[in-house]
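Visitor: Please choose one part of this protein and take me through it closely. I would like the whole described briefly, then the part, then what lies around it.

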Amino acid sequence: MDSKRVESISARVDAAGRSTDSVEDELELSAVRHRPEGLEQLEALTRFNRKELQILYRGFKNECPSGVVNEDTFKVIYSQFFPQGDASMYAHFLFNAFDTDKDGSVSFEDFVMGLSILLRGSVQEKLNWAFNLYDINKDGYITKEEMLDIMKAIYDMMGKCTYPLLKDDTPRQHVEIFFQKMDKNKDGVVTIDEFIDCCQNDENIMRSMQLFENVI
């Protein structure tokens with residue numbers, strides 16, 4: 001992924017698209033309620049360079065002046081990009097995946113750490129992130145119901161105009177196929193090892209799992 005992808009994502013967050021130079025960015029870091037980690041530290045922890053982090057932070061702070069975003073605000077921002085459907089449920093699941101410390105808010109650090117994995121992480125890192133997204137109750141397993149909830153949320157978000165010929169039971173049919181392949185020992189749950197092994201060895205599932213990258 002190049003800098004254009006980063007700028008595109010930043011533009012999504014920053015609807016106004018206002019430009020601020022890097023000196024002002026640094027000065028305003030001290031004014032927000034939640035001060036982000038230094039750019040040097042975030043550079044070391046992510047796969048973004050300093051300029052890309054400044055671009056991302058510019059967009060983030062314009063939408064979230066307090067330095068953090070709560071779930072309601074996250075849903076409002078995210079739903080703007082999927083007007084053809086209902087993105088609220090998928091945004092809920094996505095918010096929980098970004099909120100790694102489970103404090104009910106997503107900081108700039110949470111945001112760029114997740115984004116770094118999604119855009120530039122290894123296949124293993126991306127699959128770990130995807131497993132965490134699908135593991136809704138964070139118990140270390142994916143149930144068929146959890147997978148169905150995520151799949152339904154994706155179809156709801158993409159809207160009928162995107163998938164006009166899909167029947168209401170299409171998500172369930174897809175989940176049945178995926179789950180049967182993933183649940184190798186047939187114990188009714190999918191572990192992270194089963195999930196990663198199946199995704200890496202099944203081209204169709206891998207392609208489907210990558211859908212979340214395109215709706216980030």
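Guide: Start with the whole protein: among its contacts with a separation of 6 or more, 66% join residues 24 or more positions apart; a contact here means heavy atoms within 4.5 Å. The model is predicted, so local features need pLDDT of at least 70 and side-chain atom pairs count only at pLDDT 80 or more, while totals for chains, interfaces and linings use all residues. Residues are numbered from 1 along each chain as its sequence is written, and side-chain values use heavy atoms, with hydrogens and water left out.

The secondary structure comes to 13 helices and four strands. These are DSSP runs numbered from the N terminus: H or I of at least four residues for a helix, E of at least two for a strand. Of the 216 residues, 46% count as buried. Buried means under 20% relative accessible area, exposed means over 50%, and partly exposed is in between, using a 1.4 Å probe and protein chains only.

The part to look at is the crossing of two helices, α8 and α11. Helix α8 covers residues 123-134 and helix α11 covers residues 192-201. Their axes come within 10 Å and cross at roughly 125°. That angle makes α8 oblique to α11. For the terms, an axis is a line fitted to C-alpha atoms, for helices over the stretch in contact, and angles run from 0 to 180 degrees between N-to-C directions. Under 35 degrees counts as roughly parallel, over 145 as roughly antiparallel, 65 to 115 as roughly perpendicular, and the rest as oblique.

The crossing also has a hand: it is right-handed. That word applies if the near helix is turned clockwise from the far one by less than a right angle, and left-handed applies if anticlockwise.

Which residues of α8 and α11 meet? From α8 come V123, Q124, L127, N128, A130 and F131, and from α11 come I192, F195, I196, C199 and Q200. The residues of this contact divide into eight nonpolar, three polar and no charged. Here Ala, Val, Leu, Ile, Met, Phe, Trp, Tyr, Cys and Pro count as nonpolar, Asp, Glu, Lys and Arg as charged, and the others, Gly among them, as polar.

C199 deserves a second look. With 1% relative accessibility, C199 counts as buried. The closest cysteine sulfur to that of C199 belongs to C198 and is 5.9 Å away, which is too far for a bond. A disulfide is a pair of cysteine sulfur atoms within 2.5 Å, and a search of the whole structure finds zero of them. C198 is therefore in no disulfide either; with 5% relative accessibility, C198 is buried too.

Back in helix α8, there is also K126. At 18% relative accessibility, K126 counts as buried. The C-alpha atom of K126 is 9.5 Å from that of G114, and the two residues are 12 apart along the chain.

Helix α7 spans residues 108-120 and includes S116. S116 counts as buried, at 4% relative accessibility. Apart from neighbours within four places in sequence, S116 contacts T46, R47, F48 and G121. Helix α7 also holds V112, which is buried with a relative accessible area of 0%. With neighbours within four places again set aside, V112 contacts L42, T46, F48, L53 and L56. One of these partners, L53, is 59 residues from V112 along the chain, yet their C-alpha atoms are separated by 8.0 Å.

What follows α8 in the chain? The loop between α8 and β3 (142-143) contains I136. I136 is partly exposed, with a relative accessible area of 26%. Not counting residues up to four places away in sequence, I136 touches F93, E146, D149 and I150. The C-alpha atoms of I136 and L94 are separated by 10.0 Å, with their positions 42 residues apart along the chain.

Two lysines in other loops complete the surroundings. Most residues other than glycine have a negative phi. K102 has a positive phi of about 55°, and so does K186. K102 sits in the loop between α6 (88-98) and β2 (105-107) and is partly exposed, with a relative accessible area of 45%. K186 sits in the loop between α10 (170-182) and β4 (189-190) and is exposed, with a relative accessible area of 55%.
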